[in-house]
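Colleague: Please take a close look at one loop of this model and at what lies around it. Then work outward from there to the charged pairs and the overall figures.

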Amino acid sequence: MAGINNYSNLIYAANRGQYDEQGDRENQHPHKQRPPPLTIISGPSMHMGSSLDDREKSIVDNINADQDAITKLKYVNSDRDLSLPLEKHKMLDKYLDSQEDDVSIRKYLVFGVQWVSLVTENLLSHPFIVLRRQCQVYNASQRYHLHPISLLPTIVHLHRRQGVTTLWKGLGSCLLVRGMTLAVDDVISKVTSWPKDVDSRTSLKRFGQHILLKCISIGLVVPFYAASLVETVQSDIASEKPGLFDVFREGSLRLFYWSSPQKGRMLPAWALIGPSVSLGITKYLFSLVIRGVSSRIMRRRLTLMQERRGAKYRDDTLEHQNAEIYANLIAMLTTEVIFFPFETILHRLQLQGTRTIIDNLDNGYAVVPILTNYQGAVDCYRTTILTEGFGGLYKGFGAMILQFAAHVAVIKLTKWIVGQITEVISNRPPPGIVQYYNLDRGAGNSNSTTISPSISSTELDVHSVGQNSLD
């Protein structure tokens with residue numbers, strides 16, 4: 001308020017100086033014709049004239065009266081001329097001063113989001129993968145489980161009969177196979193100098209080398225993947241629990257018997273590698289395209305939203321990471337839905353001849369053996385269509401719906417928690433206040449003289465108070 005009082009005194013002194021100067025000029029020119037005196041006509045509702053002192057007092061009163069409209073503004077000695085009322089938003093100054101700390105916090109949050117996404121994809125999704133594979137390989141089932149609701153009673157019965165761990169079987173072998181795939185990619189890349197990863201700047205030659213690397217990697221891992229499939233679908237109460245590294249022993253045996261089957265109806269390795277490599281590389285290429293398109297669209301939308309809000313200079317690493325996670329999820333969901341029937345055929349071919357006993361998912365109580373005699377992928381497709389109909393290719397589709405519903409729920413929950421942590425640690429105001437006062441633009445340009453358009457307009461009104469009062 002001291003600033004306002006000083007402003008009033010300056011206006012008063014300036015006005016008084018004008019009148020003094022006018023009097024001095026009149027004294028210096030006594031013979032100059034003066035304007036006739038102002039005659040005031042009195043009436044029943046008017047008072048007689050007013051002196052110059054009364055007018056000056058009226059001006060000062062008007063200026064002091066305007067103080068009530070701006071008592072909530074506070075002048076500060078900093079790069080920003082104005083700040084918000086401290087009693088209303090006490091954390092806004094801290095928010096603008098904590099951007100450097102916020103960048104380091106975001107790095108840890110990005111790592112946390114990546115870790116949660118990785119755990120969800122490889123661990124939390126495993127029970128649904130077990131249900132899905134058991135439905136796919138059970139050719140004699142009466143219930144196809146095309147929607148999640150039909151699976152809920154079966155899940156309850158399995159838990160009552162075999163315990164909670166029944167849907168976590170084969171987790172170790174699945175992780176080992178995925179790790180083996182990464183290791184094979186790395187070894188081939190180091191031996192041949194072929195790229196393990198590609199992006200939009202990769203040349204056509206390097207991209208072809210990358211595809212060839214993936215084909216070799218998928219072909220070498222196929223026997224071990226088939227051994228892992230057996231461990232994930234076999235019943236715990238009707239089979240011996242496999243050891244941690246049994247997947248390597250069974251996979252090596254299948255790879256050793258390259259041209260002749262290891263057991264009666266088991267298909268040789270060469271009959272499995274062709275369909276497996278074809279399906280694997282097609283899914284990979286399709287996933288690359290969907291992920292690239294989804295990522296570009298999300299990044300573009302994020303950029304437009306930030307430009308619309310004036311947040312061009314804001315550190316958006318966490319937002320771009322969220323966009324990448326959702327792009328990967330969209331690519332994975334789209335790929336799994338489109339290639340679901342082909343995966344069903346491939347799993348049946350890989351399980352044939354292994355004498356596997358699985359849980360009967362029609363009721364969740366009994367167990368049944370898998371007895372098939374397919375001659376190849378084409379024969380498997382024709383037999384499935386004739387005996388089970390087109391819906392037989394989508395058995396267990398409801399389990400996949402549950403899988404991705406849980407995946408999205410975990411990502412949404414993680415994103416909400418990360419948002420809360422970011423606001424608490426970085427002293428960030430609520431989103432509504434940030435958007436209204438345009439704090440993101442202020443955070444990006446610390447030398448800005450105004451916090452928001454609304455406050456800058458108020459600032460103009462403050463400087464024009466004297467002029468409006470003099471009028």
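Modeller: Serine 193 sits in the loop between helix 7 and helix 8, and this is a predicted model. The backbone of serine 193 has a phi near 65 degrees, a positive value in a residue that is not glycine. Most residues other than glycine have a negative phi, which is why such a value deserves a check. A second case is histidine 145, with phi near 55 degrees, again positive and again not in a glycine. Histidine 145 belongs to the loop between helix 5 and helix 6 (151-162). Its relative accessible area is 4%, so histidine 145 is buried.

Back at helix 7 (residues 171-192), serine 189 is one of the residues of this helix. Serine 189 has 15% relative accessibility and therefore counts as buried, the limit being under 20%. Apart from residues up to four places away in sequence, serine 189 touches Trp194, Pro195, Lys196 and Leu213. For the last of these, the separation from serine 189 is 24 residues in sequence, while the C-alpha atoms are 7.5 Å apart.

Helix 8 (residues 204-233) also packs on helix 5 (residues 126-137), at an angle of about 95 degrees and with the axes 9 Å apart. That angle makes helix 5 roughly perpendicular to helix 8, because values of 65 to 115 degrees fall in that class. Helix 5 contributes His126, Val130, Arg133, Gln134 and Val137 to the contact, and helix 8 contributes Tyr225, Leu229, Thr232 and Val233. By type, the residues of this contact are five nonpolar, three polar and one charged.

Helix 4 (residues 99-124) holds threonine 120. With a relative accessible area of 2%, threonine 120 is buried. Once neighbours within four places in sequence are set aside, threonine 120 is in contact with Ser125, His407 and Val410. The C-alpha atom of threonine 120 is also 8.8 Å from that of alanine 406, although their positions lie 286 residues apart along the chain.

Now the charged pairs. Side chains of opposite charge can pair when their charged atoms come close. The count for this model is 13 salt bridges, with a nitrogen-to-oxygen limit of 4 Å. In one of them, glutamate 336 pairs with lysine 283, the closest N and O atoms being 3.5 Å apart. Glutamate 336 is in helix 11 (residues 317-338) and lysine 283 in helix 10 (residues 269-309), so this bridge ties together parts 53 residues apart in sequence. Glutamate 336 is buried, at 14% relative accessibility, and lysine 283 is buried as well, with a relative accessible area of 18%.

Lysine 283 also forms a salt bridge with glutamate 343, at 3.9 Å from N to O. This second pair links helix 10, through lysine 283, to helix 12 (residues 340-351), through glutamate 343, across 60 residues. Glutamate 343 has 10% relative accessibility and counts as buried. The two bridges belong to a network of salt bridges that links Arg132, Lys283, Glu336 and Glu343.

Helix 12 takes part in a further bridge, between arginine 348 and glutamate 388, at 2.7 Å from N to O. Arginine 348 is in helix 12 and glutamate 388 in helix 13 (residues 377-388), and the pair spans 40 residues. Arginine 348 is buried, with a relative accessible area of 2%. Glutamate 388 is also buried, at 10%.

The overall figures are as follows. The protein has 18 helices and four strands. Of its 471 residues, 40% count as buried. Among contacts with a separation of 6 or more, 77% are between residues 24 or more positions apart. The protein exposes about 27,200 Å², of which carbon and sulfur atoms supply 59%.

Definitions and conventions
Residues are numbered from 1 along each chain as its sequence is written. This is a predicted model: local features need pLDDT of at least 70, side-chain atom pairs count only at pLDDT 80 or more; totals for chains, interfaces and linings use all residues. Side-chain values use heavy atoms; hydrogens and water are left out. Axes are lines fitted to C-alpha atoms, for helices over the stretch in contact, and angles run from 0 to 180 degrees between N-to-C directions. Helices (H or I, at least four residues) and strands (E, at least two) are DSSP runs, numbered from the N terminus. Angles under 35 degrees count as roughly parallel, over 145 as roughly antiparallel, 65 to 115 as roughly perpendicular and the rest as oblique. Contact means heavy atoms within 4.5 Å. Ala, Val, Leu, Ile, Met, Phe, Trp, Tyr, Cys and Pro count as nonpolar, Asp, Glu, Lys and Arg as charged, and the others, Gly among them, as polar. A salt bridge is a side-chain nitrogen of Lys or Arg within 4 Å of a carboxyl oxygen of Asp or Glu. Buried means under 20% relative accessible area, exposed over 50%, partly exposed in between (1.4 Å probe, protein chains only). Accessible areas come from the Shrake-Rupley method with a 1.4 Å probe; for residues, only the protein chains shown count as cover.
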